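I opened this notebook to keep track of what I looked up, one item at a time. The entries go from a pair of helices to single residues inside them.

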Amino acid sequence: MEFDLVEKRTFYPVLIISFLVFLFLSFDLGMKIFLFSLVIYFFVLFFLCTYWAGESHPERKFIIGFLVSFLHTFVFLVGGFLGLILAQITLKLSPLLVNYFRGILRF
């Protein structure tokens, strides 16, 4: 199975950004940001897909929009949780380095 263009452009940035969010912010704030961005991503993609499907299949545009949005949101979710796992592994292996970077990023 191979990713299509939208999944490729979703998976890698979400993985990197969620890794950085969970690395430098608290777990609660990181989860709030991640879940909020997940909901926003779903709704934006849903509206775009229903608009796109309305031209060729007007009677099934909501079903097509929901299924496509659900699949891509699942890829977003998997990328985010992989970023969370990588951030937790990094925090366990090198807590002194992470505390140093957190000190630098505070203004």
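The entries below record a helix pair and then three residues that I looked up in turn.

**Entry 1: the helix pair.** I began by noting that this is a predicted model, and then turned to helix α2, which covers residues 27-56, and helix α3, which covers residues 61-93. At what angle do α2 and α3 pack, and how far apart are their axes? I found an angle of about 155 degrees, with the axes 8 Å apart. Since angles over 145 degrees count as roughly antiparallel, I wrote down that α2 and α3 are therefore roughly antiparallel to each other. I also noted that their crossing is right-handed. Going through the residues of this contact by type, I listed 20 nonpolar, nine polar and one charged.

**Entry 2: F42, on the α2 side.** I next looked up F42, which is found in helix α2. Is F42 buried or exposed? Its relative accessible area is 18%, and because the limit for buried is under 20%, F42 counts as buried. Setting aside the residues within four places of it in sequence, I found F42 in contact with F66, S69, F70 and T73. I followed one of these contacts further and noted that F42 and S69, although 27 residues apart in sequence, have their C-alpha atoms 5.7 Å apart in space.

**Entry 3: S69, on the α3 side.** Following that contact across, I placed S69 in helix α3. I recorded a relative accessibility of 0% for S69, which therefore counts as buried. Which residues does S69 touch, not counting those up to four places away in sequence? I wrote down F42, L45, F46 and C49. I then checked the side chain of S69 and found one of its polar atoms 2.7 Å from the backbone oxygen of G65.

**Entry 4: S18, in another helix.** For a further serine I went to S18, which is found in helix α1, residues 5-24. With a relative accessible area of 4%, S18 is buried. Where does a polar atom of the S18 side chain find a backbone oxygen? I found that of V14, at 2.7 Å. Leaving aside neighbours within four places in sequence, I noted that S18 is in contact with G79, G80, G83 and L84. Helix α3 spans residues 61-93, and I closed the entry by marking these four contacts of S18 for the reader to find in the structure.

Note on methods. Residues are numbered from 1 along each chain as its sequence is written. This is a predicted model: local features need pLDDT of at least 70, side-chain atom pairs count only at pLDDT 80 or more; totals for chains, interfaces and linings use all residues. Side-chain values use heavy atoms; hydrogens and water are left out. Axes are lines fitted to C-alpha atoms, for helices over the stretch in contact, and angles run from 0 to 180 degrees between N-to-C directions. Helices (H or I, at least four residues) and strands (E, at least two) are DSSP runs, numbered from the N terminus. Angles under 35 degrees count as roughly parallel, over 145 as roughly antiparallel, 65 to 115 as roughly perpendicular and the rest as oblique. A crossing is left-handed if the near helix is turned anticlockwise from the far one by less than a right angle, and right-handed if clockwise. Ala, Val, Leu, Ile, Met, Phe, Trp, Tyr, Cys and Pro count as nonpolar, Asp, Glu, Lys and Arg as charged, and the others, Gly among them, as polar. Buried means under 20% relative accessible area, exposed over 50%, partly exposed in between (1.4 Å probe, protein chains only). A polar contact is a pair of N or O atoms within 3.5 Å; within protein, one must be able to donate a hydrogen and the other to accept it, and residues adjacent in sequence count only if both atoms are side-chain atoms. Contact means heavy atoms within 4.5 Å.
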